[in-house]
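Me: I am new to this structure and would like to go through it slowly, one question at a time. Could you explain how each answer is reached?

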Amino acid sequence: MRAKLEYIFSYLDNNAIQYFLLRPIDLNNHIEDIDLIIPKQDFMKLIKVLDKDSKKVHFKYSNANESIQLFVNNILLDIKFNICFLPRKSLILNDSFPYCSVVIKENRYIYPSIDEDILFTFWAYHLLLDKVDPSLSSTYVMFKNCFGSTWEALIKSNFFIKWTNLIFRANSAQALQLVALFFSNKTNIVNKINNKKLQKLAIKSNRLAFKFYFDKYYFKILRLSGFIKRKRSLQEINIK
């Protein structure tokens, strides 16, 4: 598996595909997928080179906005075209993004080659906004080990505050308080309550109530109809 993962990242680098690894990978754990942000233009470039190289590839549509599932040599690349938050990626942000390559640390972890405050920001808001319960995330323990003693300084960083403002707009001060409460509380039930408050605040701040519930039932219908589950060839990709 390690060789396959290293090959995929080398393939992206060698073909000058812009990408960002949203969450680090622990090579000692079971790996279900690789979470990447790849802009649409680079994604279509990737599709062309994969097709040209006759790689073993297929894809499935995702049950979320701005997303697609690409299977390369039986490894799932869970790709987002923009930075998105909330369970079905109903909140889409088009701000400039720090794409980068990856680095292997301690001969065990694959990390994005990026500053700590940037990694913390996107990883933290993935746990806080995308998950019903952050502790159910496959990277939750890894996140706590990375930032358990540094979170207090990182939530005050300029980068974290910038993206808090982008996500929560006029309610960013309240959001920062909830984030601090989440990290300072040790009780799971309290964390789950604060997590839900943050999700509701993001929906309210961006007036997403209708879209949030529309997406919930729209993607449920697609899932139940079998539209999302079907494997498709690269020639069937239709990205607007």
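Reply: Strands here are DSSP runs of E with at least two residues, and they are numbered from the N terminus. With that in mind, and remembering that this is a predicted model, we can begin with a residue that lies in one of these strands, namely Lys80 in strand β6.

Me: Is Lys80 buried or exposed?
Reply: Buried means a relative accessible area under 20%. Because Lys80 has a relative accessibility of 7%, the residue falls under that cut-off and counts as buried.

Me: How many of the six residues of strand β6 are buried?
Reply: One side of β6 carries the buried residues Ile75, Leu77 and Ile79, while the other side carries Leu76, Asp78 and Lys80, which are buried as well. Both faces of the strand are therefore covered, and β6 is largely enclosed by the rest of the structure, since the number of its residues that are buried is six of the six.

Me: What is the order of the strands in the open sheet of five strands?
Reply: Strand β3 (residues 34–37) runs parallel to β6 and is joined to it by four bridges, with Ile37 having Lys80 as its bridge partner. Strand β5 (residues 67–72) pairs with β6 in the antiparallel sense over six bridges, and here Ile68 has Ile79 as its partner. The strands β1 (20–21) and β4 each pair on one side only, as edge strands. The pairing in the sheet is mixed, and the order is β1-β3-β6-β5-β4.

Me: Which residue in the turn between β5 and β6 has a positive phi?
Reply: Phe71 in β5 stands opposite Leu76 in β6, and the two strands form a hairpin with two residues between them. In that turn, a positive phi of about 50 degrees belongs to Asn73.

Me: Why are the buried residues of helix α1 on the same side of the helix?
Reply: Helix α1 (residues 2–14) has 13 residues and reaches 18 Å from its first C-alpha to its last, close to the 18 Å expected. The buried residues of α1 are Leu5, Ile8, Phe9, Tyr11 and Leu12. An α-helix has 3.6 residues a turn, so residues three or four places apart point the same way. The buried residues are on the same side of α1 because the arc they cover around the axis is only 155 degrees.

Me: Which exposed residues does the face of α1 turned away from its buried side carry, and which residue with a positive phi follows the helix?
Reply: On the face turned away from the buried side, the exposed residues are Ala3 and Asn14. After α1 comes a residue whose phi is positive, near 55 degrees, and this is Ala16.

Me: How far apart are the N and O atoms in the salt bridge of Asp26 and Arg108?
Reply: Side chains of opposite charge can pair when their charged atoms come close. A search of the whole structure finds eight salt bridges, and the pair of Asp26 and Arg108 is one of them. This pair links distant parts of the chain, as Asp26 lies in strand β2 (residues 25–26) and Arg108 in the loop between β9 (102–105) and β10 (109–112), 82 residues apart. From N to O, the distance is 2.8 Å.

Me: Which residue forms a salt bridge with Lys89?
Reply: The closest N and O atoms of the salt bridge between Lys89 and its partner, Asp130, are 2.6 Å apart. Lys89 lies in the loop between β7 (83–85) and β8 (91–93), whereas the partner lies in helix α3 (residues 116–130), 41 residues apart. Lys89 is buried, and so is the residue asked for, Asp130.

Me: How much accessible area do Phe210, Phe214 and Tyr218 have together?
Reply: Phe214 lies in helix α9 (residues 209–225), and this residue counts as partly exposed because its relative accessibility is 45%. Phe210, Phe214 and Tyr218 form a nonpolar patch on the surface, and their accessible area together is about 380 Å².

Definitions and conventions
Residues are numbered from 1 along each chain as its sequence is written. This is a predicted model: local features need pLDDT of at least 70, side-chain atom pairs count only at pLDDT 80 or more; totals for chains, interfaces and linings use all residues. Side-chain values use heavy atoms; hydrogens and water are left out. The expected span of a helix is 1.5 Å times one less than its number of residues. Buried means under 20% relative accessible area, exposed over 50%, partly exposed in between (1.4 Å probe, protein chains only). The arc is that of the directions from the helix axis to the C-beta atoms. Two strands pair if DSSP finds at least two bridges between them. Patches are made of residues with over 30% relative accessible area and no salt bridge: like charges are joined within 9 Å, nonpolar side chains (Val, Leu, Ile, Met, Phe, Trp, Tyr) within 5 Å. Accessible areas come from the Shrake-Rupley method with a 1.4 Å probe; for residues, only the protein chains shown count as cover. A salt bridge is a side-chain nitrogen of Lys or Arg within 4 Å of a carboxyl oxygen of Asp or Glu.
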